[in-house]
Amino acid sequence: MPQQVRGVIARSKGAPVEIVPIIIPDPGPGEVVVAIAACGVCHTDLTYREGGINDEYPFLLGHEAAGVVESVGEGVESVEVGDFVVLNWRAVCGQCRACKRGRPQYCFDTFNATQKMTLEDGTELSPALGIGAFADKTLVHAGQCTKVDPSADPAVVGLLGCGVMAGMGAAMNTGNVGRGDSVAVIGCGGVGDAAIVGARLAGANRIIAVDRDNKKLDWARDLGATHTINATEFDVVEAVQDLTGGFGADVVIDAVGRPETWKQAFYARDLAGTVVLVGVPTPDMTLEMPLVDFFSRGGSLKSSWYGDCLPERDFPMLVDLYQQGRLPLEKFVTERIALDQVEEAFESMHRGEVLRSVVVL
C-alpha cells in the first residue's frame, strides 16, 4: 500500500521550504523504497530551491543520503530488504555508448525511479537529483542504492552521495593525483575540502588550499592542506608558483566554478599540468582567453562530473577506509539537525558557517 510520510519541498522559486505529507507508492519493477537515516544539506538543494536547475516545482529536496532498504519491487536483485545503502544519482545503464566503451563513469542515461512520489492531492514531485531524501522514506531505482558496511555512521557516509565524492573524485579520478604531486585547490567548502582529502589520500606531497575566508582555510589545513593562501591578500597564481619552486602545481582543482577562479587555476598549474573544474558554473558565465596560451602550456583541462566515480566501486572502498580511521569523513559533519531545520541550514551554508549540516531522522 502507498505510504504517507513527511518530506521537505520547495513549492516555488526562492520561497522557504516546507515540511508536508507526501505519498510514497509501492516500489514497481526495478524500484526500491528506502527508509532514510540521514541526509546532508548540499548547495545543490539550495540551487533547486532557487530555480537554478529547472522550474519543475514542487521539488522534493535532499540527495546526500544513507538509509535502509524497506521494500523492493519486481526484478530487484542487487539489494534486499534490510540492506544499509548510500544513495547515488549515477545508476549506470550499462547500454549507452559510454558504458559499452568501458567508461560507465560517463554514462549518458542513468536510471531513476519510474513512478512519481506525490503530494496528498496527487501533485507529482520532482525529486532532487532523482532521489528526494529530505523525507522519512523515498522511492529510487535499485541502481541508486550502493550497499556499504552497516556499522558505519549514516550521517557521515551519506555524504559520499554527492559533495564529498565529487571532491575526492576530482582529485583521485579526474585529476589522477599521484604520489609526490603538488596540488592546489581553489575554494574550500565541502567539495574543495573533499578534494584536499582525496589529494592527501592519493599521496600528494604539497597540497595548497586557496580561499577568501580564513575560517575555511583553517578547515582545509585540518583536513590535510600543507599550505594556505588567502585570495584577498595574495595574488593566487604568484603565491601557488612561489610554493612550487616557481613552476606551478601539477594539478589545480577549481571547486568554485567561476571564470576568474578557472583562469587562476589555468595559470597556477605547471607546464603540462592538469586543471580540473568541479565547481559548477551558471549558464550565463563566459570565458575569454588568448588561444595561444592553451597551445603553449599543454597539459589537460578537465571537467569532473560527480568526481568521475562509480558508486559500486568507490563507496564501499571509501567507507572501509573511514571505518579503519584512515579517512576523516566525520570532520565534514559540522552539525546534526532535524528535518524542520533545513531552511536554517541553508542560511548557515550561505554564511559559510558549516561544511555540512546533516538531517538525522
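Here is a quick tour of this structure, from the whole chain down to single residues. Keep in mind that the model is predicted. The chain has 361 residues and is as compact as a globular protein of that length. Two places get a closer look: helix α4, which is largely enclosed by the rest of the structure, and an open sheet of 5 strands. After that come a few residues picked out one by one.

**The chain as a whole**

- If you count up the secondary structure, you get 11 helices and 18 strands.
- The radius of gyration is 20 Å, and the globule rule gives 21 Å for 361 residues; those values are close, so the chain is as compact as a globular protein of its length.
- For a feel of the dimensions, the C-alpha trace spans about 65 × 40 × 40 Å along its principal axes.
- Buried residues make up 54% of the 361 in the chain.
- Take the contacts with a separation of 6 or more: 69% of them are between residues 24 or more positions apart.
- On the outside, the chain exposes about 15600 Å², and 48% of that comes from carbon and sulfur atoms.
- As for charge, there are 48 negative side chains and 30 positive ones, with the centres of the two sets 6 Å apart.

**Helix α4, an enclosed helix**

- Helix α4 covers residues 163-174, and 10 of its 12 residues are buried, so the rest of the structure largely encloses it.
- Want to find the buried ones? Start at G163 and go through V164, M165, A166, G167, M168, G169, A170 and A171, then add T174.
- The cover over these buried residues includes four strands you can look up: β5 (64-72), β14 (249-254), β15 (269-277) and β16 (300-303).
- Helices are also part of that cover, among them α5 (190-202) and α10 (311-323).
- Following α4 comes N176, which has a positive phi, near 50°.

**An open sheet of 5 strands**

- Read across, the strand order is β7-β2-β1-β4-β8, and the pairing is mixed.
- The edges are β7 (118-119) and β8 (126-127), each of which pairs on one side only.
- Strands β1 (residues 3-10) and β2 (residues 18-24) run antiparallel, joined by 7 bridges.
- Two of the partnerships between them are easy to trace: R6 has P21 in β2 as its bridge partner, and G7 has V20.
- β2 also runs antiparallel to β7, this time with 2 bridges.
- There, I23 stands opposite T118 of β7.

**Backbone oddities in the loops**

- Look between α1 (43-49) and β4 (59-60) for P58, which lies in that loop. The peptide bond leading from Y57 to P58 is cis, with omega near -5°.
- L129 sits in the loop between β8 and β9 (137-141). Its phi is positive, near 50°, and L129 is not a glycine. With a relative accessible area of 22%, L129 is partly exposed.
- D308 is another residue other than glycine with a positive phi, here near 45°. You'll find D308 in the loop between β16 and α10. Its relative accessibility is 7%, so D308 counts as buried, the cut-off being under 20%.

**Two more residues to look up**

- E233 is placed in the loop between β13 (227-230) and α7 (236-242). At 52% relative accessibility, E233 counts as exposed, because the cut-off is over 50%.
- Along the chain, E233 and L217 are 16 residues apart, and their C-alpha atoms are separated by 13 Å.
- P316 is part of helix α10, and a relative accessible area of 24% makes P316 partly exposed.
- Leaving out residues up to four places away in sequence, P316 touches T146, K147, V148 and P311.
- P316 and D149 are 167 residues apart in sequence, yet their C-alpha atoms are 7.2 Å apart in space.

Notes
Residues numbered from 1 in each chain as written. Predicted model: local features only at pLDDT ≥ 70, side-chain atom pairs only at ≥ 80, totals over all residues. Heavy atoms only, no water. Buried < 20%, exposed > 50% of the residue type's maximum accessible area, 1.4 Å probe, protein only. Contact = heavy atoms within 4.5 Å. Rg over C-alpha atoms; globule rule 2.2 N^0.38 Å. Areas by Shrake-Rupley, 256 points an atom, 1.4 Å probe, with all protein chains shown as cover. Lys, Arg positive; Asp, Glu negative; His and termini not counted. Charge placed at Lys NZ, Arg CZ, Asp CG, Glu CD. Pairing = 2+ DSSP bridges.
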